Amino acid sequence: MSMAQSLSTSMVSSSSCAFLAPSPTRLDSRPQGVSLQVKRVGVCKCVATPQEEKIAFKTMVSRNANIAKLQAGYLFPEIARRKAAHLLKYPDAQVISLGIGDTTEPIPEVITSAMEKRAFELSTQEGYSGYGAEQGEKPLRAAIASTFYRDLSIEENDIFVSDGAKCDISRLQVVFGSNVTMAVQDPSYPAYVDSSVIMGQTGQFQKDVEKYGNIEYMKCSPENGFFPDLSTVARTDIIFFCSPNNPTGAAATREQLTQLVQFAKSNGSIIVYDSAYAMYMSDDNPRSIFEIPGAKEVAIETSSFSKYAGFTGVRLGWTVVPKELLFSDGFPVARDFNRIVCTCFNGASNISQAGGFACLTPEGLGAMRQVIGFYKENTDIITETFSSLGFKVYGGKNAPYVWVHFPGQSSWDVFSEILEKTHVVTTPGSGFGPAGEGFVRVSAFGHRQNILEACKRFKQLYK
């Protein structure tokens, strides 16, 4: 075979497709005085051949039937999906997000400097530490007790530091198991209901009433001051209650919480009290359920640094399980929760805990109150905007959320109209429960210029 034929053969055999054909052979390294005649290679076409459809391999493991009961996606990822689709449709739009309650302002330096110091210490022989106590570092637990529960007989050993209240809600559900019944404010934070569904505590979703079976939905509306009529509420094992409430922004009074504690005692129930927004309280309402006499015998409280210090990404919270709280057989609830924490969790980040401890110094508390004050000013701006347009507006005073009423309209339709016409993301009220239908939640977490721009767009839409 000639050299030219050999080159031709090797080039053709390298690929039968034109888009994979090699680059022309380089001849600049050939010996001087030798001439080569290179044969041109023809272009070969690819011809697709029919193939049988490949069937994906399946295991023999059945899907968790409880997860299969969940409706669509979790509320906030669904909002994010619709926002992403909107940006594909309007790639140049300046979208403002007032939907998910995610903080936007920088963490105060007095807090980040403490985390920076702790992070650097980890690079030294003297300052390095590995696993810590699953329940949290004792100085932080003591600081939480003295800051938020002073004179309430809550001790550091009653406090479990975690990576956030949302995570602790699910850990508590594991403690309770699948054979309990539960009640929830309607509307309320979706994690309460969804975690109950996943645990197998509920029946199927009933499309006609937009509710799950075996859940007691405690309706909270303008008509009842956003506090349920407990005389109409059936007895359940667990009662989830959030004050100030997400999404309505309503805060329960001392008298109302006294009724709730008495209701739980008379029914032998446990209250899971979510106080994640307590520092936003302006009215003279309880910041903790443990301000109510007898609450330590029937209540757990969960809270978080997320909305106080901007720790939505840093992740740090806590749950209080008093030693007085007992199951029906007399076993302490705290001991079971401790067992779950030690099994499912290795403790909050030591760097996050350093930040949490800094939050509770006098300087840190002052800095957090400044940030909270900024967001509360945002709520005032949003509230005044919708009120001036003739809407009934609730919340805002004691929480970073404004609850706007659109009577006779679908919450998702209002959400879609606002997004389509103003490029502002809100949250449809029905995503928090059937009693949220006809409402939209507007978050005050945003840069001031974005809040002002969003309100300008609302006025243009509804004037």
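Contact here means heavy atoms within 4.5 Å. Keep that cut-off handy for the exercises below, and remember that this is a predicted model.

**Exercise 1. Place I159 in the fold and work out what surrounds it.**

Step 1: find the element. I159 sits in strand β2.

Step 2: check the burial. Anything under 20% relative accessible area is buried, and I159 comes in at 0%, so it counts as buried.

Step 3: list the neighbours. Leaving out residues within four places in sequence, I159 is in contact with Q135, R141, I144, A145, Y149, I154, W318, T319 and V320.

Step 4: pick one pair and look at the backbone. I159 and I144 are 15 residues apart along the chain, and their C-alpha atoms are separated by 8.0 Å.

**Exercise 2. Do the same for F176: which helix holds it, and which residues does it touch?**

Step 1: the helix is α6, which covers residues 165-176.

Step 2: the relative accessible area of F176 is 9%, so this residue is buried.

Step 3: not counting residues up to four places away in sequence, F176 touches Q201, I238, I270, V272 and I300.

Step 4: now try a long hop along the chain. F327 is 151 residues from F176, yet the two C-alpha atoms are separated by 9.9 Å.

**Exercise 3. Follow the chain through T422 and H423, and say what the side chain of T422 reaches.**

Step 1: T422 belongs to helix α13, residues 411-422.

Step 2: with a relative accessible area of 3%, T422 is buried.

Step 3: look for a polar partner. The T422 side chain gets to the backbone nitrogen of V424, at 3.3 Å.

Step 4: add the contacts. Setting aside residues up to four places away in sequence, T422 touches E417, R457, F458 and L461.

Step 5: move on to H423, in the loop between α13 and β13 (424-425). H423 is not a glycine, but its phi is positive, at about 60°.

**Exercise 4. Track down some unusual backbone geometry: which peptide bonds into P187 and P247 are cis or trans, and what is the phi of D151?**

Step 1: start at P187, in the loop between β3 and α7. The bond from D186 to P187 is cis, and omega is near 10°.

Step 2: go to P247, in the loop between β7 (238-242) and α8 (254-267). Here the bond from N246 to P247 is cis too, with omega near 25°.

Step 3: finish with D151, in the loop between α5 (138-148) and β2 (159-162). D151 has a positive phi, near 65°, and is a residue other than glycine.

Step 4: ask how D151 stands towards solvent probes. Over 50% relative accessibility is exposed; D151 is at 74%, so it counts as exposed.

**Exercise 5. Describe the largest pocket: what is its volume, and which elements help line it?**

Step 1: the volume is about 720 Å³.

Step 2: look to the middle. The lining has 30 residues, and Q71, F205, E210, S430 and G431 are the closest to the centre of the pocket.

Step 3: sort by element. At least two lining residues come from each of α3 (75-89), β3 (182-186) and α7 (190-199). The top contributor is α7, with four residues.

Step 4: sort by class. You get 16 nonpolar, seven polar and seven charged residues.

**Exercise 6. Now go for enclosed space: how many cavities of 30 Å³ or more are there, and what lines the largest one?**

Step 1: know the trick. Rolling a probe the size of a water molecule over the atoms shows where empty space is left.

Step 2: count. The search of the whole structure turns up one cavity of 30 Å³ or more. The largest cavity holds about 50 Å³ of space.

Step 3: name the lining. It is made of Q185, G225, F226, F227, F241, C242, N245, A250, A251, A252 and Q256.

Step 4: classify. The cavity lining has seven nonpolar and four polar residues, and no charged ones.

**Exercise 7. Step back and sum up the whole protein: how many helices and strands does it have, and what share of its residues is buried?**

Step 1: the count is 14 helices and 15 strands.

Step 2: of the 463 residues, 47% are buried.

Step 3: look at contacts between residues at least 6 apart in sequence. Of these, 73% join residues at least 24 apart.

Step 4: end at the surface. About 23300 Å² is exposed, and carbon and sulfur atoms supply 53% of that.

Definitions and conventions
Residues are numbered from 1 along each chain as its sequence is written. This is a predicted model: local features need pLDDT of at least 70, side-chain atom pairs count only at pLDDT 80 or more; totals for chains, interfaces and linings use all residues. Side-chain values use heavy atoms; hydrogens and water are left out. Buried means under 20% relative accessible area, exposed over 50%, partly exposed in between (1.4 Å probe, protein chains only). A polar contact is a pair of N or O atoms within 3.5 Å; within protein, one must be able to donate a hydrogen and the other to accept it, and residues adjacent in sequence count only if both atoms are side-chain atoms. On a 1 Å grid over the protein atoms alone, a cavity is a set of points where a 1.4 Å probe fits but cannot get out, and a pocket is an open set with protein on both sides within 12 Å along at least five of seven lines; lining residues have an atom within 4 Å of a point. Grid points are joined across faces, edges and corners, and a volume is the space filled by probe spheres set on the points. Ala, Val, Leu, Ile, Met, Phe, Trp, Tyr, Cys and Pro count as nonpolar, Asp, Glu, Lys and Arg as charged, and the others, Gly among them, as polar. Accessible areas come from the Shrake-Rupley method with a 1.4 Å probe; for residues, only the protein chains shown count as cover.
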